[in-house]
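User: Got a minute to walk me through this model?
Analyst: Sure, pull it up and ask away.

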Amino acid sequence: MIVDHHGNPVRTGRATVNGTSLHYRTAGSGPAVVLLHGVPKTGYHWRHLVPKLTGQYTVVVPDLRGLGDSARPADGYDSATMSDDIAALMAHLRHASYSVMGEDWGAVIGYQLAARHRDHVNALVFCEALFPGFGFEDHTALTHENVSSGMHLWHLGFYFQPDVPEMLIAGHERELITYMIKYERSHPDTATPDAVDEYVRCYSMPGGIRAMLAIYRAMLVDAEQNRQASQRKLDIPVLALGGSAFIGDRNETQMRLMAHDVTGHVFNAGHDLAEEVPDEVADVVLPFLAERL
């Protein structure tokens with residue numbers, strides 16, 4: 001369960017937007033902030049951060065297209081289309097302007113949201129992601145540097161191959177998800193049983209793994225979308241957050257290619273900041289949002 005700052009359960013709903021149906025949670029009052037999770041997670045990833053925000057902000061936590069309890073359509077898993085899903089959801093909820101915080105694939109989608117819907121997004125928090133088209137692909141290479149740094153992203157090539165991953169993952173969703181989220185963290189115990197159970201529940205549902213793989217299989221399309229969007233840098237303030245044991249200050253380096261006003265911060269953590277070090281994340285994010293809203 002996700003609760004607000006009073007300990008009350010957040011509200012949940014579904015919205016038919018952009019040709020699909022999104023499940024979302026919302027709570028709080030004040031300026032709107034939308035939180036976009038990555039893979040292999042759901043909106044439940046933000047459970048520790050939500051109550052730290054709802055005292056000052058209206059927080060919207062969608063499950064991305066194909067993930068969590070959202071619908072699993074056949075297509076539309078490129079980051080531009082998925083960002084349009086979120087823009088349509090926020091319009092449906094009558095939020096004309098909002099800040100965006102994304103992590104992992106949610107950060108790439110958050111960037112596309114800011115780039116494609118510039119009149120509506122007023123700040124971006126970009127957490128622990130690599131951009132397709134700007135070096136993400138380099139980490140798929142089997143090199144000594146990638147392996148020794150823990151940044152050999154072997155699973156990208158595996159996921160890209162059609163049919164074989166579905167065959168091998170079926171029936172082993174728990175093993176894969178547990179391995180991925182614990183391996184990428186400095187603090188593996190923060191992958192708590194309730195979170196693992198929730199992620200496994202959602203990715204084990206019909207179409208769950210198919211949808212996850214479709215996001216990776218859209219990477220070449222994403223790369224071109226990111227290259228196009230980068231030709232006009234973002235004018236909004238961007239906070240780039242990294243974990244020292246994973247992407248680290250490369251988050252800030254990448255975002256400086258995409259935006260004019262970028263601030264960076266690196267935590268003593270791995271890949272899943274909002275679950276590993278939520279208090280520290282809130283201490284950095286809240287002042288950033290307060291200065292700009």
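Analyst: Here are some notes on strands, loops and a surface patch.

User: Anything to know before I start?
Analyst: It's a predicted model, so local features need pLDDT of at least 70 and side-chain atom pairs count only at pLDDT 80 or more, while totals for chains, interfaces and linings use all residues. Residues are numbered from 1 along each chain as its sequence is written, and side-chain values use heavy atoms, with hydrogens and water left out.

User: OK, strand β6: how many of its residues are buried?
Analyst: 6 of the 7 in β6 (residues 121-127), so the strand is largely enclosed by the rest of the structure. Buried means under 20% relative accessible area, exposed is over 50%, and partly exposed is in between (1.4 Å probe, protein chains only). Strands are DSSP E runs of at least two residues and helices are H or I runs of at least four, numbered from the N terminus.

User: Which way does β5 run against β6?
Analyst: Parallel, with 6 bridges joining β5 (residues 98-103) to β6. DSSP has to find at least two bridges for strands to pair. E103 stands opposite C127 in β6.

User: And what handedness does the unit with helix α3 have?
Analyst: β5, α3 (residues 105-116) and β6 make a right-handed β-α-β unit. That means that, with the strands pointing away from the viewer, the path from the first strand over the helix to the second runs clockwise.

User: What about β6 and β7?
Analyst: They pair in the parallel sense too, over 4 bridges, with β7 covering residues 234-243. V125 is opposite L239 there.

User: Switching to loops. Where's P73?
Analyst: In the loop between β4 (58-62) and α2 (79-92). P73 has 18% relative accessibility, so it counts as buried.

User: What does P73 touch?
Analyst: T20, R65, G66 and R210, leaving out residues up to four places away in sequence. Contact means heavy atoms within 4.5 Å.

User: And H95, buried or exposed?
Analyst: Buried, at a relative accessible area of 18%. H95 sits in the loop between α2 and β5, and touches A32, T58, V60 and M90, again not counting residues up to four places away in sequence.

User: Last one: which residue starts off helix α5, and how accessible is W154?
Analyst: Helix α5 spans residues 154-160 and W154 lies in it. At 35% relative accessibility, W154 counts as partly exposed.
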